[in-house]
Amino acid sequence: MSVTSIMIAGVGGQGLVLLTRVLAQTALAAGYDVKSGDVVGLAQRGGMVWGSVRYGEKVHSPLIPQGQGDFMIAMEALEGLRFAHTLKPSAKVFLSKYRILPNRVLIEKDEYPANIPLLLGERGLVVVEIDAEQMAVDLGNRRLSNTLLLGALSVELPFSKDHWEDALRENVPPKTLDLNLVAFAAGRNAAAQSHPTT
Amino acid sequence: MSQRIVLTGNQAIARGFWEGGGSVAASYPGSPTVEILETLKEYPEVYSHWALNEKIALEIAIGGSLAGARSLVSMKHVGLNIALDPFMTFTQIKTNGGFVLVVGDDPGLSSSQNEQDTRALARFAKVALLEPSTAQEAKDFVVAALHMSEEYHTPVIIRLTSNLCHSRGVVELGERIESPGQGFVKDQARYNMLPPYANQQQHFMRERLLRLAELGETSPLNRYEPREGSACLVITSALPYCYLMELNAPVSIMKLGLSYPLPLAHIKAISANYRQVLVLEELMPHMESELQAAGLCVYGKEYFPFTGELTSDEIRAGLARAGVPVEAPPLAPNPISTPLRTPILCAGCPHRPVFDVLREAKVDVIGDIGCYSLGILEPFEVLNTVISMGASLGIIQGVAKAHRHAGISRPLVATIGDGTFFHSGLSGFADLAKTTENITVIVLDNHTTAMTGGQDTLTTRSYLKDDSRYGMSIMEVLKSFGIKDIQEIDQFHVVKTKRLLAEALERDGLSVIIATRPCALNFKVKNPHFLVDPKVCIGCRRCVKVNCPPISMLMYEGQQKKQSFIDPAHCVGCSVCSQVCPVKAIKSSATLKGQEVQP
């Protein structure tokens with residue numbers, strides 16, 4: 001009875017809840033049991049947010065036990081680093097290059113870590129770096145970066161194109177659907193052509 | 001074929017109320033239960049009301065129930081403290097229409113000021129308490145609670161925790177079964193809780209609790225899951241049940257959905273088959289104490305944490321300490337050390353200039369609950385106490401009197417938002433109106449309940465100029481209390497705000513400053529962005545001290561030291577940083593463009 005666990009990390013306002021919702025709906029449509037968790041306390045105030053999606057024949061807990069995550073979407077690089085310990089040693093990380101400086105870095109009490117992909121790689125994690133923010137801006141809306149990263153992750157998951165598209169259709173504002181589908185495809189392409197660093 | 005969809009715990013509660021024929025619902029927004037009423041608003045058959053506070057919300061649901069309607073009230077755990085007064089007396093009444101009180105506890109305090117355990121209040125109020133473990137159960141338990149409430153004439157509490165509220169699971173949908181009430185039917189003995197009527201209700205409540213305990217003995221809400229060969233029984237409820245199942249530990253499980261009152265006879269009978277009985281519960285040893293009082297030898301908090309959210313890793317460790325042969329955990333890597341990410345006010349937030357002015361004034365500030373509670377954090381640290389909703393207005397009077405007694409003479413400031421003003425600030429202000437102490441209250445009227453996602457307040461209308469909404473003017477309300485020293489200010493005029501505060505601090509008696517800038521998240525500011533001229537910037541960090549997400553220090557090319565930088569993609573053009581800059585190094589991109597065309 002195996003369960004696949006996906007960790008999602010980011011900063012409040014990046015659209016993390018949309019990701020967990022779309023992932024969970026897609027997994028259900030594909031015939032799996034699914035649970036997801038979002039920690040969104042002070043999310044809108046620039047705090048850290050994280051979510052988990054777990055699917056399989058039977059899922060008990062929405063939370064991923066330490067070291068049991070199979071994949072991670074890190075919408076912000078530092079948050080990817082923060083949650084690295086939730087992953088299995090050989091897990092794959094879809095890492096946005098985007099950086100949002102935390103408050104303590106803004107006020108110069110901490111430094112933003114350099115070389116995050118390298119630090120993750122040292123752990124044995126397989127890192128797929130994606131310039132999601134820039135690609136989203138190029139597509140016309142920076143808010144598409146979450147859908148883009150989801151597209152990248154989709155390469156690894158056993159769900160059909162129809163299931164993904166149905167879930168996106170139900171969850172994004174109708175007038176942004178076409179752009180979201182374009183962003184999803186761009187993410188898929190980026191992941192398929194990537195050369196992961198380990 | 002029935003429909004299965006993915007819902008959060010909160011959405012499932014709302015769906016359950018709809019399916020169960022619910023028709024009157026009320027709430028006051030508070031994390032983690034905000035989404036319940038927001039979801040109920042999507043069902044036209046349900047009247048859904050954002051009340052001004054939890055007490056009023058609970059009273060609306062009481063009214064619905066008295067008139068025979070199936071009614072629901074939802075709130076966060078600390079909201080029940082405010083609503084406890086009507087609840088403690090309402091519970092004495094033989095409930096008419098099904099009455100469900102949904103409370104969201106917050107183990108780990110992810111968005112709350114304390115970690116109180118609502119289960120203690122079920123015992124206090126002598127009512128049934130249900131604890132769902134999944135979204136499906138959240139839905140089913142609301143329907144069960146409505147029926148239980150009507151059959152046993154009891155209010156029913158459904159206790160959720162933050163994780164269950166926000167996590168999603170698969171839920172099988174059902175149809176709505178209508179349950180129209182018969183309206184209010186006069187019955188003096190039943191609905192008037194004064195002696196002699198209230199005396200006899202003590203016996204009724206005692207009897208009711210005994211009958212509920214009897215129900216629990218056989219109810220499918222409670223489930224015994226024996227495991228062959230196991231010497232250990234774990235009694236548990238809510239999400240810890242799911243975490244335990246995740247571990248697949250060699251234990252038998254008694255899962256309690258109806259966790260107050262406990263099915264003592266059933267638990268006693270099965271406990272006899274085990275060498276060891278453990279109780280696994282988040283927060284207080286609620287079930288553990290009840291079982292121990294009933295003479296059972298059970299252990300719980302000896303092995304499991306008393307604070308925070310439980311995790312399957314902690315449960316595994318606790319079971320191991322208790323001698324249960326659990327599988328060793330897979331080797332989990334240690335967390336990598338990373339800078340903390342604490343919350344920060346949004347770009348364009350109207351609280352920023354007020355905090356800056358308060359810091360400069362170096363006064364003692366009695367804070368309150370809302371987004372502005374973030375003023376306790378670095379780098380501002382201007383709010384010096386935060387306790388509970390509306391508490392600033394009473395506390396400031398006590399501090400002032402204690403100062404007078406001790407011969408200390410210095411001005412005091414309180415801050416309160418518009419949501420909190422209407423929630424529980426009105427009586428505090430009325431009590432404060434005639435003070436002779438040097439007290440200044442800054443009302444941060446951002447025209448919304450910002451912290452919980454932007455629900456309307458009574459001042460939303462005045463900002464939107466939307467006459468279809470009901471609204472009130474805080475200025476007019478305070479004037480009617482006899483308060484004369486009231487001034488309004490758009491705090492984006494930083495210098496003027498600073499002067500107003502300085503003058504108020506000179507005056508004895510109550511001064512009120514109403515800061516009128518709206519919330520930047522709900523009513524977006526989008527002016528041309530500002531930028532730093534590195535030729536002028538002296539790197540003094542004054543702008544960094546206003547602590548705005550786009551402002552950081554940067555080493556520009558060819559410069560000797562760091563100077564400030566504004567990320568143009570996230571600056572909303574509020575201008576506050578440019579107003580505090582001592583050398584005028586920060587300018588609007590619009591002005592600069594203007595200069596380019598007009599050399």
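**Questions on a two-chain model**

Colleague: In what order do the strands of the open sheet of 7 strands in chain B lie?

Modeller: The order is 3-2-4-5-7-6-12, and the pairing is mixed. Strands (E, at least two residues) and helices (H or I, at least four) are DSSP runs, numbered from the N terminus. This is a predicted model, in which local features need pLDDT of at least 70 and side-chain atom pairs count only at pLDDT 80 or more, while totals for chains, interfaces and linings use all residues. Residues are numbered from 1 along each chain as its sequence is written, with chains lettered from A and ligands numbered from 1 in the order in which they are written.

Colleague: What makes strand 3 (47–50) and strand 12 (258–260) of chain B edge strands?

Modeller: Each of them pairs on one side only. From one strand to the next, the twist averages 25°; axes are lines fitted to C-alpha atoms, for helices over the stretch in contact, and angles run from 0 to 180 degrees between N-to-C directions.

Colleague: How do you know that strand 2 (residues 24–27) and strand 3 of chain B are joined?

Modeller: Two strands pair if DSSP finds at least two bridges between them. Here 4 bridges join strand 2 of chain B to strand 3 of chain B, and the two run parallel, so they meet the condition. B:Ser27 stands opposite B:Trp50 in strand 3 of chain B.

Colleague: How many bridges join strand 2 (residues 33–39) of chain A to strand 8 of chain B?

Modeller: There are 2 bridges, and these strands run antiparallel; therefore the minimum of at least two is reached. A:Ser36 has B:Arg168, in strand 8 of chain B, as its bridge partner.

Colleague: What is the make-up of the side of chain B that touches chain A?

Modeller: In this interface, 44 residues of chain B are in contact with 46 residues of chain A, contact meaning that C-beta atoms, placed from the backbone, lie within 7 Å. The largest share on the chain B side, 4 residues, comes from helix 10 of chain B. The residues of that side divide into 24 nonpolar, 14 polar and 6 charged. Ala, Val, Leu, Ile, Met, Phe, Trp, Tyr, Cys and Pro count as nonpolar, Asp, Glu, Lys and Arg as charged, and the others, Gly among them, as polar.

Colleague: Why does B:Ser312 count as buried or exposed?

Modeller: A residue is buried if 20 or more other C-beta atoms lie within 10 Å of its own, exposed if 12 or fewer, and partly exposed in between. B:Ser312 has 23 C-beta neighbours inside 10 Å, so it counts as buried. B:Ser312 lies in helix 13 of chain B. Leaving aside neighbours within four places in sequence, its contacts include A:Ser61, A:Pro65 and B:Tyr243. The C-alpha atoms of B:Ser312 and B:Tyr243 are separated by 4.8 Å, although the residues are 69 apart along the chain.

Colleague: How many residues of helix 6 (residues 145–154) of chain A are buried?

Modeller: In helix 6 of chain A, 10 of its 10 residues are buried, and the helix is mostly covered. Helix 6 of chain B has 13 of its 18 residues buried, so it is largely enclosed by the rest of the structure.

Colleague: How does the reach of helix 6 (residues 135–152) of chain B stand against the span expected?

Modeller: The expected span is 1.5 Å times one less than the number of residues. Helix 6 of chain B has 18 residues and reaches 25 Å from its first C-alpha to its last, close to the 26 Å expected. B:His153 follows this helix, and its phi is positive, near 55°.

Notes
Two residues are in contact if their C-beta atoms, placed from the backbone, lie within 7 Å.
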